[in-house]
Amino acid sequence: MVDDADPRRAPVATTVRRDVLTLPAAPLGPDNPLPPLRLPRGPQGPYRIDERTRRELPRGMARQLAYEPLRSVLPAPLRDGYGRTREPASFDTLVLENDRLRATVLPGLGGRVHSLLHKPDGRELLYRNPVFQPAAFALNGAWFAGGIEWNIGATGHTTLSCAPLHAAVVTAPDGGPMLRLWEWERLRDVPFQVDLWLPHDSDFLHVGVRIRNPHEKPVPVYWWSSAAVPEERRVLAPAAAAWRLDRTRCLTRVPVPEPRGAYAADHFYDVPDGERRWIAAVDADGHGLVQTSTDVLRGRKQFVWGTGEGGRRWQEWLTGPGAGGYAEIQAGLARTQLEHVRLDGDGEIAWLEAYGPLTLPDGAARGDDRSAACAGARARLAEALPPEAVDAAYERWRPYADAEPGEVLATGSGWGALEVVRGGYDLPGTPFPEATLGPEQEPWLELWRSGAVPEPDPGGVPGPTLVARHWRDMLETAPARPHAEYHLGVAQWHAGDRAQAVRSWERGLERAACRWPLLRCLAVADLETGHGERAADRYAEAFDDLGEHGDADVVAALGREALEALLAVGRAEAARAVWERLDPRTRGRGRFRLLEARLLLAEDDGPGARRVFEDGFEVADLREGDETLSEVWAAAAPGEPLPSRYDFRMRPPT
């Protein structure tokens with residue numbers, strides 16, 4: 001047998017093939033059937049920028065910090081149906097391979113690069129997660145750790161983290177195969193593509209990315225490529241200062257390097273204009289991963305979990321005991337992830353990234369001389385992949401970005417096809433065929449064709465609402481039946497026209513046979529305006545209207561929101577009535593066990609609430625920064641330390 005590193009081995013042409021990866025995995029479960037009218041919120045409040053830092057901000061950065069923040073994750077659904085029970089499961093993969101590298105891609109999970117293996121020395125360049133465990137880190141919920149992810153849309157992990165992308169083989173600039181991934185990003189209503197190829201005998205995975213705005217008006221765009229690496233690696237970037245964002249939500253300017261603290265933090269490197277864009281993570285021997293790009297991808301970032309107990313618990317939560325910790329090195333369109341970039345109508349933005357191995361010169365990896373280590377990394381990168389080679393690769397790729405895909409390897413959603421049918425867009429290189437349209441798109445096709453929203457079956461669950469301006473305009477002129485008023489209100493709410501949304505829901509409620517969807521929307525509106533008692537009334541009425549024999553997923557989702565609203569205003573008896581009507585399997589889920597502890601506290605049963613914790617539970621969809629676990633424990637067991645299994649605290653006590 002000839003080893004991969006044997007110089008006698010004949011060169012291998014670049015190939016793309018299908019394969020299967022088996023991992024212990026928690027199933028994703030169903031999406032939440034209720035429209036996400038509110039952004040998921042932590043307890044920290046808005047981001048803060050101290051006055052000194054504010055004065056130091058570059059003008060463009062200050063402008064982009066205020067540009068088009070996200071109102072909600074509509075029209076994407078919340079993905080919170082997963083659990084914590086992992087069983088072996090198979091995932092379809094696409095493997096891109098040449099003589100030097102093997103990249104394993106998960107097209108059904110956001111196009112994540114799960115593994116990047118450097119074959120000559122057998123080194124894995126990424127942190128390869130040994131499990132698939134969804135957690136509530138994406139903008140809309142389900143996300144998982146490890147590999148290289150492509151984040152598009154708005155500040156945070158993309159709503160496509162656990163969603164399928166379209167994938168096909170395309171001809172690469174060197175004549176070999178190129179793997180194309182593409183989808184329609186629904187938060188900003190734009191198509192994008194990611195082209196991955198391995199030039200013959202290259203040590204670098206080339207990645208061409210393009211975002212297009214097919215509309216007449218400008219849109220805000222966001223992009224950060226994030227590569228997970230073993231956490232003990234040293235991160236190097238061409239910057240002497242960074243903007244640090246910690247879990248107190250405060251953005252401050254700090255020198256680089258800064259000692260690693262107890263809590264998680266993001267460091268956005270202030271790479272000077274004119275400096276080559278790169279970031280690397282190397283081990284104690286100077287071996288590791290380097291990422292570089294054309295200058296359009298200007299930002300570089302390091303994320304660490306910190307040394308505290310909460311950070312260690314999160315690492316174990318995401319990867320499993322004994323799996324080792326990870327950090328992230330990232331690259332984005334702006335200096336920080338708090339910014340969004342304007343993309344003009346009928347415009348596009350494109351760039352090229354490259355990922356490959358890096359070995360520092362002897363001695364450069366050791367010691368405290370960071371400038372020497374950065375100089376060594378810069379020199380070795382220049383030898384392996386000069387900046388002019390990156391620019392030339394980008395120019396060679398650009399004509400191929402429009403090439404029509406060949407063999408289809410995976411299929412994404414039908415939302416892009418719906419938009420192409422409606423808008424008549426011509427998008428060379430990223431086809432969205434009508435064959436991908438499905439049941440979720442059918443009501444919207446009917447609205448586009450006939451001008452009317454079809455009424456659902458009696459007792460049926462409303463499908464997803466489209467909220468882009470062109471769909472909202474169609475809803476405003478559709479016959480004002482209850483279901484149309486429901487969807488119109490959701491679209492108006494997303495657009496910021498809250499008063500008109502309430503009026504639409506109230507009009508629909510006057511004639512609706514199925515009242516709970518409209519009552520629930522009105523309850524959320526009450527919460528947003530500080531009318532907690534009225535919100536609780538409407539939630540209770542909505543839950544009564546739904547009935548215990550309604551769709552199981554709706555009963556669970558609506559029951560959870562109703563319990564939270566009733567407990568917030570101290571109505572324990574009404575909350576107990578909702579609790580008793582939930583299915584025992586629903587009550588056994590971790591999120592509901594935590595609600596049970598809160599309910600017992602509201603009933604003045606502190607020992608009972610403590611027993612819930614002692615019996616043990618796991619809140620699968622716990623969000624980073626959510627401090628409910630520690631707060632409820634403190635009320636159930638005053639003065640006693642929080643058990644480590646429940647310690648996910650990501651900021652100092654306040």
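**Exercise 1. A residue in a loop**

Is Ala 239 buried or exposed? Find the loop around Ala 239 and list what Ala 239 touches.

*Solution.* Keep in mind that this is a predicted model.

Step 1: Look between strand 16 (234-236) and strand 17 (241-246); the loop there holds Ala 239.

Step 2: The relative accessibility of Ala 239 is 9%. Buried means under 20%, so Ala 239 counts as buried.

Step 3: Leave out residues up to four places away in sequence, and Ala 239 touches Val 256, Tyr 269, Asp 270, Val 271 and Arg 370.

Step 4: For a sense of scale, try Pro 69. Ala 239 and Pro 69 are 170 residues apart in sequence, and their C-alpha atoms are 27 Å apart in space.

**Exercise 2. A second loop residue**

Work out where Asn 213 lies and which residues Asn 213 is in contact with.

*Solution.* Step 1: Asn 213 belongs to the loop between strand 13 and strand 14 (219-221).

Step 2: With 1% relative accessibility, Asn 213 counts as buried.

Step 3: Set aside the neighbours within four places in sequence. The contacts of Asn 213 are then Val 190, Pro 218, Val 219, Leu 343, Asp 344, Gly 345, Asp 346 and Gly 347.

Step 4: Asn 213 and Arg 472 are 259 residues apart in sequence and 19 Å apart in space, C-alpha to C-alpha.

**Exercise 3. Aromatic pairs**

Classify two ring pairs: Trp 305 with Tyr 326, and Phe 617 with Tyr 646.

*Solution.* Step 1: A search of the whole structure turns up 26 aromatic pairs.

Step 2: In the pair of Trp 305 and Tyr 326, the ring centres are 6.5 Å apart and the planes stand at 85°. Plane angles over 60 degrees count as edge-to-face, so this pair is edge-to-face.

Step 3: Trp 305 is in the loop between strand 22 (299-304) and helix 3 (309-319), while Tyr 326 is in strand 23 (residues 326-332), so the pair ties together parts 21 residues apart in sequence.

Step 4: Check burial. Trp 305 is buried at 2% relative accessible area, and Tyr 326 is buried at 1%.

Step 5: Turn to Phe 617 and Tyr 646, whose ring centres lie 5.2 Å apart with planes at 35°, so the pair is tilted. This pair links distant parts of the chain, 29 residues apart: Phe 617 sits in the loop between helix 17 (606-615) and helix 18 (628-636), and Tyr 646 in the segment after helix 18.

Step 6: Phe 617 is buried at 7% relative accessible area, and Tyr 646 is buried at 3%.

Step 7: Go back to Trp 305 and Tyr 326. Both are members of one aromatic cluster, which also includes Tyr 127, Phe 137, Trp 143, Phe 303, Trp 314, Trp 317 and Phe 648.

**Exercise 4. Charges over rings**

Which ring does the charged end of Arg 112 sit over, and which face does Arg 253 lie over?

*Solution.* Step 1: The charged end of Arg 112 is over the ring of Phe 144, 3.8 Å from the ring centre.

Step 2: Arg 253 lies over the face of Trp 243, at 5.2 Å from the ring centre.

**Exercise 5. Two packed helices**

Describe how helix 11 and helix 12 pack.

*Solution.* Step 1: Two packed helices are described by the angle between their axes and the distance between the axes.

Step 2: For helix 11 (residues 516-528) and helix 12 (residues 532-546), the angle is about 165° and the axes are 8 Å apart. Angles over 145 degrees count as roughly antiparallel, so helix 11 is roughly antiparallel to helix 12.

Step 3: The crossing of these helices is left-handed.

Step 4: Name some contact residues. Helix 11 contributes Leu 519, Leu 522 and Leu 527, among others, and helix 12 residues including Ala 535, Tyr 539 and Ala 542.

**Exercise 6. Unusual backbone**

Locate two cis peptide bonds and two residues with positive phi.

*Solution.* Step 1: Recall that most residues other than glycine have a negative phi, and most peptide bonds are trans.

Step 2: Leu 74 and Pro 75 are joined by a cis bond with omega about 10°. Pro 75 is in the loop between helix 2 (59-65) and strand 3 (87-97).

Step 3: The bond from Val 256 to Pro 257 is also cis, with omega near 0°. Pro 257 is in the loop between strand 18 (250-255) and strand 19 (265-269).

Step 4: Asp 201 has a positive phi of about 65° and is partly exposed at 46% relative accessibility.

Step 5: Asp 604 has a positive phi near 65° and is exposed, with a relative accessible area of 74%.

Note on methods
Residues are numbered from 1 along each chain as its sequence is written. This is a predicted model: local features need pLDDT of at least 70, side-chain atom pairs count only at pLDDT 80 or more; totals for chains, interfaces and linings use all residues. Side-chain values use heavy atoms; hydrogens and water are left out. Rings of Phe, Tyr and Trp (its six-membered ring) pair if their centres lie within 6.5 Å; planes under 30 degrees apart count as stacked, over 60 as edge-to-face and the rest as tilted. Helices (H or I, at least four residues) and strands (E, at least two) are DSSP runs, numbered from the N terminus. Buried means under 20% relative accessible area, exposed over 50%, partly exposed in between (1.4 Å probe, protein chains only). A charge sits over a ring if NZ of Lys or CZ of Arg is within 6 Å of the ring centre and within 35 degrees of the ring normal. Axes are lines fitted to C-alpha atoms, for helices over the stretch in contact, and angles run from 0 to 180 degrees between N-to-C directions. Angles under 35 degrees count as roughly parallel, over 145 as roughly antiparallel, 65 to 115 as roughly perpendicular and the rest as oblique. A crossing is left-handed if the near helix is turned anticlockwise from the far one by less than a right angle, and right-handed if clockwise. Contact means heavy atoms within 4.5 Å.
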